[in-house]
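Reader: I should be grateful for a close look at a single part of this model, the largest pocket, together with the elements around it. Which residues lie nearest its centre, and what classes of residue make up its lining?

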Amino acid sequence: MNRLRFLASRLVQTLLVLIIIAFITFAIFSLWPSDPAGLACGKPCTPDNLQRAREFMGYDQPWYTQFWHYLVGIVQGRTFGQGASAVVCSAPCLGYSFRLSTPVTDLVVSRLPVTASIAVGAAILWLIVGVGAGVISALRRGSRLDRFIMTGTVFGVSAPSYLLGLLGILLFGFTLDMVPVSGYVPLSQSPVDWAWHLILPWTVLALISAAIYARMVRGEMLENMGEDYVRTARAVGLPEKRVIGRHVMRNISLPVVTYFALDLGSMLGGAVITERVFSMQGLGALLMDAVGTVDVPVVMGVTLVAAAFVIIANLLVDAFAALIDPRV
């Protein structure tokens, strides 16, 4: 009952945080110096045409009315304009890009598979490599292997992702001609080509994040291996594999899962640099293009979706903590 009450309270807090983030995002872009109606007005943009554009797009109303319509549109959809020229944006409506003549939700849905493919594949790779390297380094503390792994993590932590990406393209793409250096193939079209085009982006992202996870896991393991419960488990004759696997790994799982969920959530919001380096049209590329063309509805929609991914990931971490930790 306590766990259910805890999860229910966290769910309510998550909804409130989403509304607050939506308000902050809306307020920031409502103060944007560029007028979206002016950009959509065309040339010549007379005062009458500008006023009609503002009325059609809903920018003639007070900011709080615009925000309310924005929230309502997410739940039940929204209609811009009236009569035969009206534009219908079905729920969940995150806005409408008048520059692209497409609902923002459709743009996000069309780009999300690219970003999700990059993020999920890289996350699985960095979790396996990072946790594995951290465990081995902790168990072989002070050895040459430990020093080698920790030296490698320093390089991984300090190297910028764009630099690793460009070096990977130069070496494995152009010099050795081993892997594709750009483009995306949908999973439904060809699973093999899908994975083949993502190997380099996965590797670049995994090298950076795996280094962080390796250092974190090593530190957590060394700290837990010095605790009384580990010495007690060894004193009663438990095998070392069981002490490490059942007791130590269980205690370090919560911080690992916490970081993993938050990192994956933020990555799903758009791997901007990676998508740019490898010419992949995901959410990050959509956001950068929208910023460059001052497409405010798209910027707002992608920002809100990215924040929602992080908040939902945080909620899942809280649910996981409630399941494995009776004190929650």
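Author: UniProt positions are given here in the numbering used for this chain, and such annotations may be inferred rather than shown by experiment. The model itself is predicted. With that in mind, the unreviewed UniProt entry lists residues 12-32, 114-136, 148-174, 194-214, 256-278 and 298-324 under "transmembrane region". Two of these stretches may be described from the coordinates. Residues 148-174 are 93% helix and 0% strand, with 29 Å between the end C-alpha atoms. For residues 194-214 the figures are 100% helix and 0% strand, and the end C-alpha atoms are 28 Å apart.

I turn now to the pocket. The largest pocket has a volume of about 470 Å³, and 18 residues line it. Nearest its centre lie Ile-74, Pro-92, Leu-94, Leu-304 and Ala-308. Helix H1 (2-30), helix H4 (63-76), H5 and helix H13 (296-324) each give two or more residues to this lining. Of the contributors, H13 gives the most, with five residues. By class, the lining comprises 17 nonpolar residues, one polar residue and no charged ones.

Pro-92, one of the residues nearest the centre of the pocket, deserves separate mention. Its peptide bond with Ala-91 is cis, with omega at about -5 degrees. Pro-92 is placed in the loop between strand S2 (87-89) and strand S3 (96-97). The loop that joins S3 to strand S4 (102-103) holds Ser-101, a residue other than glycine whose phi is nonetheless positive, near 55 degrees. Asp-177 also has a positive phi, near 50 degrees; this residue belongs to the loop between helix H7 (161-175) and helix H8 (191-225).

H5, one of the elements that line the pocket, also packs against another helix. H5 (residues 104-139) meets helix H12 (residues 283-292) at an angle of about 130 degrees, and the two axes are 7 Å apart. The pair is therefore oblique, as the angle falls between the limits of 115 degrees for roughly perpendicular and 145 degrees for roughly antiparallel. On the H5 side the contact is made by Leu-107, Val-108, Arg-111, Leu-112 and Thr-115, and on the H12 side by Leu-283, Gly-284, Ala-285 and Leu-286. These residues divide into six nonpolar, two polar and one charged. The contact of H5 with H12 thus includes one charged residue, whereas the lining of the largest pocket has none.

Key. Residues numbered from 1 in each chain as written. Predicted model: local features only at pLDDT ≥ 70, side-chain atom pairs only at ≥ 80, totals over all residues. Heavy atoms only, no water. Axes fitted to C-alpha atoms, helices over the stretch in contact; angles between N-to-C directions. Helix = DSSP H or I, 4+ residues; strand = E, 2+ residues; numbered from the N terminus. Parallel < 35°, antiparallel > 145°, perpendicular 65-115°, else oblique. Contact = heavy atoms within 4.5 Å. Nonpolar A, V, L, I, M, F, W, Y, C, P; charged D, E, K, R; others polar. 1 Å grid on protein atoms, 1.4 Å probe; cavity = no way out; pocket = protein on both sides within 12 Å on 5 of 7 lines; lining within 4 Å. Points joined across faces, edges and corners; volume = space filled by probe spheres on them.
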